[in-house]
Amino acid sequence: MKNNNTNKIIITDKNELEYWEEFKKTLSPQIKVAFIDKYNNLVKYVSNRIYLKNKHRRNIKLKDLEKYGYFGLLNAIDEYEPDIDIKFKNYALIGIMAYIYEEMWKIKTPPPKDIQNLINIILNENKEEELKCLEL
C-alpha cells in the first residue's frame, strides 16, 4: 500500500506479512526503508533502555547506541524469515540488543576517577622503588 501523495510505502500490522513476502522475493530497497521507518522507535526504545542501565560508563553515548541499534535492525531485516513462527518485532528486538551489547563490549571503559587515582599512586610508588633499587 503506497501513500498516494508521496508514493512512500506505509507498512501496517495488517499488510506487514504481504510486504515481507514481497521483500524476500525482490529485496526492494523501498520496502526495506519502510520497515526501517516502522521499527525506528524500537531501536530508540532499546537504545534508551541500555543507555540508562549503563550510564555509569562515561564513554557510552546514546547516539552511539542508536547507531549500533540501526545496524542490528538492518541485520534483522535481512535475516528474518517471515514463515517462522515469531513476530518480526520480537526477532528485531533480540537482534538490536545483541548488536548494541556486542559493540559495547568492544568499547574500553576507563575506571572511575578514584580508582584511577589509586592506580596512579601505586604506579608512582613502584617507579620510586625501582629508582631506589637502581641507585644501590
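The largest pocket holds about 240 Å³ of space. A pocket here is an open set of points on a 1 Å grid over the protein atoms alone, where a 1.4 Å probe fits and protein lies on both sides within 12 Å along at least five of seven lines; the volume is the space filled by probe spheres set on the points, which are joined across faces, edges and corners. The model is predicted, so local features need pLDDT of at least 70 and side-chain atom pairs pLDDT 80 or more, whereas totals for chains, interfaces and linings use all residues. Residues are numbered from 1 along each chain as its sequence is written, and side-chain values use heavy atoms, with hydrogens and water left out.

The lining of the largest pocket comprises 14 residues, and Asp-13, Glu-16, Tyr-39, Phe-88 and Lys-89 lie nearest its centre; a lining residue has an atom within 4 Å of a point. At least two lining residues come from each of helix 1, helix 2 and helix 4, and helix 2 gives the most, with four. Helices are DSSP runs (H or I, at least four residues), numbered from the N terminus.

Helix 1 deserves a closer look. Its buried residues include Glu-16, Tyr-19, Trp-20 and Phe-23, where buried means under 20% relative accessible area, exposed over 50% and partly exposed in between (1.4 Å probe, protein chains only). Seen down the axis, the buried residues of helix 1 fall within an arc of 105°, so they line one face of the helix; the arc is that of the directions from the helix axis to the C-beta atoms. Glu-18 and Lys-25 are exposed on the other side of helix 1. Helix 2, helix 3 and helix 4 are among the parts that cover the buried residues.

Helix 1 is followed by Leu-27, in the loop between helix 1 and helix 2. Most residues other than glycine have a negative phi. Leu-27, however, has a positive phi, near 55°, and it counts as exposed at 58% relative accessibility.

Aromatic rings come next. Rings of Phe, Tyr and Trp (its six-membered ring) pair if their centres lie within 6.5 Å; planes under 30 degrees apart count as stacked, over 60 as edge-to-face and the rest as tilted. By this rule there are eleven aromatic pairs. One of them, Trp-20 with Tyr-80, is tilted, at 4.8 Å centre to centre and 55° between the planes. Trp-20 lies in helix 1 (residues 16-26) and Tyr-80 in the loop between helix 3 (62-79) and helix 4 (88-106), so this pair ties together parts 60 residues apart in sequence. Trp-20 is buried at 2% relative accessible area, and Tyr-80 at 4%. Phe-23 and Phe-35 have ring centres 6.4 Å apart and planes at 70°, so they make an edge-to-face pair. That pair links helix 1 to helix 2 (residues 29-53), across twelve residues. Trp-20, Phe-23, Phe-35, Tyr-39, Tyr-80, Phe-88 and Tyr-91 form one aromatic cluster.

Phe-35, with a relative accessible area of 0%, reappears in the largest nonpolar core. Such a core is a set of buried Ala, Val, Leu, Ile, Met, Phe, Trp, Tyr and Cys residues joined through side-chain atoms within 4.5 Å. Among its 25 residues, Phe-35, Leu-73, Phe-88, Ile-96 and Ile-100 touch the most other members. Helix 1, helix 2, helix 3 and helix 4 each supply at least two core residues, with the largest share, eight, coming from helix 2. Leaving aside neighbours within four places in sequence, Ile-96 is in contact (heavy atoms within 4.5 Å) with Leu-42, Val-43, Val-46, Gly-69, Gly-72 and Leu-73.
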